Amino acid sequence: MTALPDRTDRKLGLVIDLDTCVGCHACVVACKGWNDQGYGAPLSDQEPYGADPSGTFLNRVHSYEIKPATGGAQHVHFPKSCLHCEDAPCVPVCPTGASYKRAEDGIVLVNEDACIGCGLCAWACPYGARELDLAAGVMKKCTLCVDRIYNEALPEEDREPACVRTCPANARHFGDLGDPDSAVSQLVAERGGIDLMPEQGAKPVNKYLPPRPRDAWEGEADVLAPYLALVAEEPQGFLGWLDRTLGKI
Ligand code: SF4
Ligand code: SF4
Ligand code: SF4
């Protein structure tokens, strides 16, 4: 069992803009590509060219069509990876100490040499952000590209997470969310950034910028109603929708 640090010097994390994400999955590919080499065991795939392929990913994008209580219907593309929570429930449940949170920068990592693949951390994570690599038999999760951001062998402009470096829509931002003057903290303040499922008490470091409402076009309600009936039944705004959707993942 591992204790969480009382405090961390920095709170490194991601800010993801749901308004500009176009669901292209470039961040998913970049993440898989970078993390297939270097840190830990490669991310395995099962039957990648078969009828039912599956594999290990540290970042996935889920896409939804929603109809908020006001405004027009919209597509929301929702990238999801570990949120490097301040009160990470995945850490203290680990029986071997393999899961830990770094005091210097707040990054949550897995020591794969000590991981026994029991899955307790995945069970404890409220966000479904951990994946058991079936080939390696160890738990995987976003490392915040710890092997890039401090890597002096890389050009300075590449010392940021692969997903951030790759995103063509500039929807992903990296920085210190513990510093109120950092660019990411200011972005969160300006755009009303949110915690995912704050009622879980995990205090995620990563933040999401909500999508701005779209204008409805004339006749939209009639045309789209049959397709949007399920989400339209609970008109509690974007946050309510997001909360319910995450609860099903
Ligand atoms: S998102 Fe899940 S895996 Fe990541 S720190 Fe939080 S509880 Fe742990
Ligand atoms: S920070 Fe690195 S490990 Fe985490 S989702 Fe982005 S590319 Fe993947
Ligand atoms: S690369 Fe950027 S725009 Fe594309 S899915 Fe990822 S976050 Fe969204």
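This section describes the fold, the core and the ligand surroundings of a predicted model.

The protein has 249 residues, of which 33% count as buried. Seven helices and eleven strands make up its secondary structure. Contacts that reach far along the chain are well represented. Among contacts with a separation of 6 or more, 65% link residues 24 or more positions apart.

Three strands form an open sheet with mixed pairing. Their order is E10-E1-E11. Strand E10 and strand E11 stand at the edges. Each has a single partner strand, so one side of each is left without a neighbour in the sheet. From one strand to the next, the twist averages 25°.

The two pairings involving E1 can be taken in turn. E1 spans residues 12-17, and E10 spans residues 172-176. These strands are antiparallel and are joined over five bridges. Within the sheet, Leu12 stands opposite Asp176 of E10. E11 covers residues 207-209 and runs parallel to E1. Three bridges connect E1 with E11. Here Asp17 of E1 faces a different partner strand, standing opposite Leu209 in E11. In general, strands of a sheet pair through backbone hydrogen bonds, in either the parallel or the antiparallel sense.

Strand E1 is mostly covered, with six of its six residues buried. Burial extends to both faces of E1. Leu12, Leu14 and Ile16 lie on one side. Gly13, Val15 and Asp17 lie on the other. Strand E10 is also mostly covered, and four of its five residues are buried. Helix H5 lies across E1, E10 and E11. The helix runs at about 120° to E10.

The largest nonpolar core holds 48 residues. Ile16, Leu18, Cys31 and Cys163 touch the most other members. Several elements give two or more residues to this core. The strands are E1, E5 (74-80), E7 (108-110) and E11. The helices are H1, H4 and H5 (183-191).

Two of these core residues, Cys31 and Cys163, recur at ligand 2, where both are among the closest residues. The other closest residues there are Cys142, Cys145 and Pro161. In total, 14 residues surround ligand 2. Helix H1 (26-35) and helix H4 (162-166) each supply at least two residues of this shell. The largest share, four residues, comes from H1. By class, the shell around ligand 2 has ten nonpolar and four polar residues. Charged residues are absent from this shell. Cys163 also has contacts beyond its neighbours within four places in sequence. Its partners are Cys27, Ala30, Cys31, Asn59 and Arg172.

Cys27 appears again at ligand 3, as one of the residues that come nearest. Cys21, Cys24, Cys167 and Ala169 complete that group. The shell around ligand 3 numbers 15 residues. H1 and E5 each supply at least two of them. Ten residues of this shell are nonpolar, four are polar and one is charged.

Ligand 1 is surrounded by 14 residues. The closest are Cys82, Cys85, Ala88, Cys90 and Cys125. Eleven residues of this shell are nonpolar. One residue is polar and two are charged.

A final local feature concerns Val146. Val146 is found in helix H3, which covers residues 146-149. Val146 counts as partly exposed because 17 C-beta neighbours lie inside 10 Å, short of the 20 needed for burial but above the limit of 12 for an exposed residue. Beyond residues up to four places away in sequence, Val146 touches Tyr39, Ile107 and Leu109. Val146 and Ile107 are 39 residues apart in sequence. In space, their C-alpha atoms are 8.0 Å apart.

Methods. Residues are numbered from 1 along each chain as its sequence is written. Chains are lettered from A and ligands numbered from 1 in the order in which they are written. This is a predicted model: local features need pLDDT of at least 70, side-chain atom pairs count only at pLDDT 80 or more; totals for chains, interfaces and linings use all residues. A residue is near a molecule or strand if its C-beta atom, placed from the backbone, lies within 6 Å of it. Ala, Val, Leu, Ile, Met, Phe, Trp, Tyr, Cys and Pro count as nonpolar, Asp, Glu, Lys and Arg as charged, and the others, Gly among them, as polar. Two strands pair if DSSP finds at least two bridges between them. A nonpolar core is a set of buried Ala, Val, Leu, Ile, Met, Phe, Trp, Tyr and Cys residues joined through C-beta atoms within 7 Å. Two residues are in contact if their C-beta atoms, placed from the backbone, lie within 7 Å. Axes are lines fitted to C-alpha atoms, for helices over the stretch in contact, and angles run from 0 to 180 degrees between N-to-C directions.
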